[in-house]
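User: I'm new to this structure and would love a close look at one part of it. Could you pick a surface region and walk me through what is there?

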Amino acid sequence: MYISPRRLGVYAVALVFAIVMNFTVPRLMPGTPVDAMIAQLGSRATPAAIEAIKARFGAVDAPVTTQFIDYLKGLATLDLGVSVKYYPQTVVEVLSRSALWTVFLVLTAIIFSLVVGVTLGAIAAWRRGGRFDTFVSPLSVVMIAVPPVIIALTTLFIFGVSLRWFPVGYAYDPSLDPGLNFAFIGSVFFHAIMPVLTLSPYLIGEFQTTMRSSMISVLGEDYVTMGRAKGLKAITVMFGYGARNAMLPVLTNLALMLGAVFGGSIVTEIVFNYPGLGLTLFTASVARDYPVIQGQLLLMTLATLGANLLVDMIYGFVDPRLRDAAT
């Protein structure tokens, strides 16, 4: 596994830019966390209560330079501060609870979509110009074009509200106690069906389109022709010779799509009231909870950069030519 210094430098610059933007973007919103907390108190906002709030969260009203220095100090010590919305919980506590659900949702959608999209793309390329390809390829373009919010609302209305086949909110049945048992795990997967199906169309369309294009190029290679000449089964040549060597562009596309996947998960979690990072970001934005917003945006940025770095590192295993060139 080899990563060039120049590539690492790109990741370092992206990280620095993300840190600055994570600090800046929340402060472009009107109002402050202190104002939001005072507004929530309503008639209970006595002068003593207001002073107590300002004393506890006064840092958010400090000069911007002071806030930025405190922000960098917190990052250096892995102290992201205390949540305004969920006080007295820390930002790490809030995000660690939400991140588990988002990771589960996104990974499930990616794995499901990768299997379906790659399979459809490989078959469409193998049967290029046939009925299957004529139907699947245009459908993939439509799946890519439809916004996740449209799919989420349509899925929610049809399967959740009208047919009542699936639950319309939460990550599991509230009456169950979390634990490693069949009832709880089954409830988690059951509640994740609609959110996963909402995230999957875009991913399946991208994977199918990329795999088809890559597979068409691979099918013209000599080793595929040799596999056919040996009399191997079509499925062996298709996946063992063709799809295996056509996967590199798919992995590249996956790395580029991660930002869109996280963006889609935010909308999906809000629509389905799913307790992940998306719903947490929404509630934190309403409450002007700067620490949580900063921490979450940074977490999502690190996850995207980390996934891209991981994809770069495993390229050598997928394509031996890259591994040989790096040695």
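Analyst: Here is a look at one patch on the surface, followed by a few places elsewhere in the chain. Please keep in mind that this is a predicted model.

Let's start with the patch. Six residues, Phe 157, Ile 158, Val 161, Leu 163, Trp 165 and Val 168, form a nonpolar patch on the surface. Together they have about 570 Å² of accessible area. One of them, Leu 163, sits in the loop that runs between α7 (148–162) and α8 (182–218). Its relative accessible area is 40%, and because partly exposed covers the range between under 20% (buried) and over 50% (exposed), Leu 163 counts as partly exposed.

The two helices on either side of that loop are worth a visit too. In α7 you will find Ile 150, which is partly exposed at 44% relative accessibility. Ile 150 is 118 residues away from Thr 268 in sequence, yet their C-alpha atoms are 9.9 Å apart in space. Helix α8 holds Thr 209, also partly exposed, with a relative accessibility of 31%. Between the C-alpha atoms of Thr 209 and Val 118 there are 8.8 Å, although 91 residues separate the pair along the chain.

Finally, a pair of helices from another stretch of the chain: α1 (residues 5–27) and α4 (residues 64–76) have axes that come within 11 Å and cross at roughly 135 degrees. The two helices are therefore oblique to each other, and their crossing is right-handed.

Note on methods:
Residues numbered from 1 in each chain as written. Predicted model: local features only at pLDDT ≥ 70, side-chain atom pairs only at ≥ 80, totals over all residues. Heavy atoms only, no water. Patch = residues over 30% accessible without salt bridge, like charges linked within 9 Å, V, L, I, M, F, W, Y side chains within 5 Å. Areas by Shrake-Rupley, 256 points an atom, 1.4 Å probe, with all protein chains shown as cover. Salt bridge = Lys/Arg side-chain N within 4 Å of Asp/Glu carboxyl O. Helix = DSSP H or I, 4+ residues; strand = E, 2+ residues; numbered from the N terminus. Buried < 20%, exposed > 50% of the residue type's maximum accessible area, 1.4 Å probe, protein only. Axes fitted to C-alpha atoms, helices over the stretch in contact; angles between N-to-C directions. Parallel < 35°, antiparallel > 145°, perpendicular 65-115°, else oblique. Left-handed = near helix turned anticlockwise from the far one by under 90°.
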